[in-house]
Amino acid sequence: MLDTAALVVDDISLAFGGHRVLNEVSLDFHPGQVTGLIGPNGAGKTSLFNCLTGLYQPQSGTIALGDMRLDHMPPATRARTGLSRSFQHVALCSELTVTENVMFGRARLGRSGWADAFLPLPAGRTEAAEARKAALEVLRRLDLGGIADVTPGSLPPGIQRLVEIARAIAAEPRVLLLDEPAAGLNPSETRQLMAVLRGLASPELIIVVVEHDMDLIMQLCDRIHVLNFGRRIATGTPAEIRADPEVVRVYLGDSDD
Ligand SMILES: Nc1ncnc2c1ncn2[C@@H]1O[C@H](COP(=O)(O)OP(=O)(O)OP(=O)(O)O)[C@@H](O)[C@H]1O
Ligand SMILES: [Mg+2]
């Protein structure tokens, strides 16, 4: 199927000094699918996310979203084109309420500059009201309406993760990159997370999940890419990945989570 809106990574290589972190990696991610990105610690998963969002600049290769080349765009421009992420370590602002944290996710959509939305200026006021309404809608959609006015520090880790996802979603992204969303969650929080992620899937949205929780990956993903030492070693459906001898040898075989 010709997919004109796919996110396509072609032949990227990234090194720090002499240390090769990504080695001629080619991957594709499609709208309407949840794609898993898995591999042992240090395989290059977070580095790949950093290349996608522009935090890291690969030495070679290209990144495109549909017919738009992203690889020379600065991070803020990539965010405006619809790339949104959550972080491996929860990064919420502890001074702000949950709603205000989620409002920050909409910054890229703002017309009057994101800071204005937090200042008592006329343009900022209208925008702040819109952003608040949209943030509350996202929170309700994720069943988080009840915590809208609390600060994140008082919340369990699983709920903080969901707030991060709410912030990422508030940007109305075309691509949602989630780096270990289930890290530190208990089984019931993980189930809640999976239900939320299933609910987010839509025909236009590309969802990419980096995760070590293999039950989550196998149940949630339509397709999986496997990295090992900065190289892509396999791509396939969950069933194909489970049966892939090299993946089992380097990753699934010695993992009991
Ligand atoms: N800024 C950096 N400077 C130097 N080396 C880096 C940098 N960022 C990542 N690396 C190296 O790149 C390799 C891949 O790291 P990365 O964080 O991408 O792995 P990962 O697959 O996300 O691992 P994990 O599952 O533990 O999160 C590691 O060897 C890491 O030390
Ligand atoms: Mg990582």
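## The four-stranded sheet

In what order do the four strands of the open sheet with antiparallel pairing stand? In this predicted model, the order is S2-S1-S4-S5. The edge positions belong to S2 and to strand S5 (68-69), each of which pairs on one side only. Strands of a sheet pair through backbone hydrogen bonds, either parallel or antiparallel.

Seven bridges connect S1 with S2 in the antiparallel sense. Leu7 has Phe29 as its bridge partner in S2. S1 also pairs with strand S4 (residues 60-65), again in the antiparallel sense, and five bridges are found there. On the S4 side, the bridge partner of Leu7 is Leu65, while that of Asp10 is Thr62. Leu7 thus has a bridge partner in S2 and another in S4. Helix H1 (residues 45-53) lies across S1, S2 and S4 and runs at about 65 degrees to S2.

## Backbone features of S1 and its hairpin

Gly17 is placed in the loop between S1 and strand S2 (19-29). The hairpin of these strands has two residues between them, and Gly17 takes a positive phi near 60 degrees in it. With 5 other C-beta atoms within 10 Å, Gly17 is exposed.

Asp11 lies in strand S1 (residues 7-16). The phi of Asp11 is near 60 degrees, a positive value in a residue other than glycine. Most residues other than glycine have a negative phi, and most peptide bonds are trans. Asp11 is classed as exposed because 12 other C-beta atoms lie within 10 Å, and the class covers counts of 12 or fewer.

## The six-stranded sheet

A further open sheet contains six strands in the order S6-S7-S8-S3-S9-S10, and its pairing is mixed. Strand S6 (83-86) and strand S10 (231-236) are at the edges with a single partner strand each, so one side of each lacks a neighbour in the sheet. On average, neighbouring strands are turned by 20 degrees against each other, direction ignored.

At one edge, strand S9 (residues 223-228) runs antiparallel to S10, and five bridges join the two. Within this pair, His225 has Thr235 of S10 as its bridge partner. Helix H5 (residues 157-170) packs on the sheet and touches S6 and strand S7 (175-179); the direction of H5 makes about 175 degrees with that of S6. Helix H9 (residues 245-252) also packs on the sheet, where it touches strand S3 (34-38), S9 and S10. The direction of H9 makes about 120 degrees with that of S10.

## Helix H5

How far apart are the end C-alpha atoms of H5? The distance is 20 Å, which agrees with the 20 Å that 14 residues should span at 1.5 Å a residue. H5 is mostly covered, as twelve of its 14 residues are buried. The buried residues run from Ile159 to Ala170 and include Arg161, Glu164 and Arg167 as well as Leu162, Val163 and Ile165.

Just after the helix, Glu172 takes a positive phi of about 50 degrees. Another such value is found at Glu180, a residue other than glycine with phi near 55 degrees. Glu180 is placed in the loop between S7 and H6. With 19 other C-beta atoms within 10 Å, Glu180 is partly exposed; 20 or more would make a residue buried.

## Packing of H5 and H6

H5 and helix H6 (residues 187-200) pack at an angle of about 15 degrees, and their axes are 9 Å apart. The two helices are therefore roughly parallel to each other, since angles under 35 degrees count as such. Their crossing is right-handed.

Which residues make the contact between H5 and H6? From H5 these are Gly158, Arg161, Leu162, Ile165 and Ile169; from H6 they are Glu189, Gln192, Leu193, Val196 and Leu200. An α-helix has 3.6 residues a turn, so residues three or four places apart point the same way. Among the contact residues of H5, Arg161, Leu162, Ile165 and Ile169 are also buried.

Leu200 of H6 can be set against the hairpin residue Gly17. These two residues are 183 residues apart in sequence and 39 Å apart in space, C-alpha to C-alpha.

Technical notes
Residues numbered from 1 in each chain as written. Chains lettered and ligands numbered in written order. Predicted model: local features only at pLDDT ≥ 70, side-chain atom pairs only at ≥ 80, totals over all residues. Pairing = 2+ DSSP bridges. Axes fitted to C-alpha atoms, helices over the stretch in contact; angles between N-to-C directions. Contact = placed C-beta atoms within 7 Å. Expected span 1.5 Å × (residues − 1). Parallel < 35°, antiparallel > 145°, perpendicular 65-115°, else oblique. Left-handed = near helix turned anticlockwise from the far one by under 90°.
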